[in-house]
Amino acid sequence: MKISKRLETIASLIPSNSKVIDIGCDHALLDIYLAHEKNCECIASDINNNALDQARYNVLRFQVKTVTLMLTDGLDNIPIHDEDIIVISGMGTSTIEHILEGKKLSRRLIISSHTDFEDLRRYVVSLGYRIEDEKYIEEKKKAYIIMSFVKGDVSYTDEDYRYGPILKKNVCYIENEREKVLEIINQLPKGNDEMKRRTKILEELDKLRNNA
Ligand SMILES: C[S@@+](CC[C@H](N)C(=O)[O-])C[C@H]1O[C@@H](n2cnc3c(N)ncnc32)[C@H](O)[C@@H]1O
């Protein structure tokens, strides 16, 4: 079964035979792939009924028996066990934080936000997790970051939170960040505070590029 590179990368972080809870499953293609290719048992949930209708259709189409669909907000009413893997992907960091806030969570979380990566790292680490892995991928001219967290205690530097303890050694990621910062700098009036701030970031990225 073929899925997007982004979903395939998320799946690559999930061992065979896992129990997965996918919050905001939408079409549930990740869960169907995991059930089909990796013998996983999945709870695929979404807050939106139309998304779940599409998921229901896909589950029937691919004839998988180990994907259970649930209509719910975040983790509400979902039974969580320590060994489960919770996946949250394709949302912004504030929604992800709202979903995790005050909830019983499992040992491992796989999260792919499209905003505020530094805030996300800081928040999840504050819940008692360490960053186990980070993937950077580009697909259809868009860049995605996928983070895998596992319960544990590690102290991180500001640089680790900003760029990721693993991603800061990833040349493709650093190059992409440099290009984005350069593009912004080129549009800013010379000498203003924002330009000085961005130039400092560019220097940090140059240093990381040289060390990567
Ligand atoms: C852009 S889609 C991402 C789908 C899939 N996870 C992926 O990565 O391809 C975001 C999905 O999250 C769902 N969603 C947003 N907030 C949610 C919440 N609080 N609880 C459950 N699902 C939510 C939306 O309804 C939507 O289907």
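What covers the buried residues of α4? Keep that question in mind while we walk through this predicted model; we will reach α4 after a look at the whole chain and the ligand.

**The whole chain**

Start with everything shown as a cartoon. You should find 8 helices and 7 strands in the chain. Along the principal axes, the C-alpha atoms fill a box of roughly 60 × 35 × 30 Å. The radius of gyration is 19 Å, which agrees with the value near 17 Å for a compact globule of 212 residues. Buried residues account for 31% of the 212 residues. Of the contacts between residues at least 6 apart in sequence, 57% join residues at least 24 apart.

Now colour by domain. The domain assignment gives domain 1 as residues 5-157 and domain 2 as residues 170-212. If you place a marker at the centre of each, taken over C-alpha atoms, the two markers sit 31 Å apart.

**Helix α1**

Select residues 5-12, which form helix α1, and show side chains. R6, L7, T9 and I10 are the buried residues here. They cover an arc of only 155° around the axis, so they lie on the same side of α1. Turn to the face that points away from this buried side, and you will meet the exposed residues K5 and S12.

What do the buried residues of α1 pack against? Add α2 (29-38) and the strands β4 (85-91), β5 (108-113), β6 (129-139) and β7 (142-151) to your selection, and you have their packing partners.

**The ligand**

Next, centre the view on the ligand. Its shell holds 16 residues, and the closest are G24, D26, N48, S89 and G90. The elements that give two or more residues to this shell are β2 (41-46), β4 and α4 (93-100). Which of the elements gives the most? That is β4, with 3 residues.

Try colouring the shell by residue character. You will get 6 nonpolar, 7 polar and 3 charged residues.

**Helix α4**

Stay with α4, since it contributes to the ligand shell. Select T93, I96 and L100, the buried residues of this helix. Their arc around the axis is only 60°, which puts them on the same side of α4. Here is the reply to our opening question: the cover over these buried residues includes β4, β5 and α5 (117-126). Strand β4 therefore turns up at several stops of this tour: it packs against the buried residues of α1, it gives the most residues to the ligand shell, and it helps cover the buried residues of α4.

Step just past the end of α4 to G102, where phi is positive, at about 70°.

**Two loop residues with positive phi**

Most residues other than glycine have a negative phi. For our last two stops, look at residues that do otherwise.

Select Q63, in the loop between α3 (49-62) and β3 (67-71). Its phi is near 55°, a positive value in a residue other than glycine. Is Q63 buried or exposed? It has 9 C-beta neighbours inside 10 Å, so Q63 counts as exposed.

Then jump to K140, in the loop between β6 and β7. The phi of K140 is positive too, near 45°. With 7 C-beta neighbours inside 10 Å, K140 counts as exposed. The strands on either side of this loop, β6 and β7, are among the partners that the buried residues of α1 pack against.

Methods
Residues numbered from 1 in each chain as written. Predicted model: local features only at pLDDT ≥ 70, side-chain atom pairs only at ≥ 80, totals over all residues. Buried ≥ 20, exposed ≤ 12 C-beta atoms within 10 Å, placed from the backbone. Helix = DSSP H or I, 4+ residues; strand = E, 2+ residues; numbered from the N terminus. Arc of directions from axis to C-beta. Contact = placed C-beta atoms within 7 Å. Near = placed C-beta within 6 Å. Nonpolar A, V, L, I, M, F, W, Y, C, P; charged D, E, K, R; others polar. Domains from an automatic or database assignment. Rg over C-alpha atoms; globule rule 2.2 N^0.38 Å.
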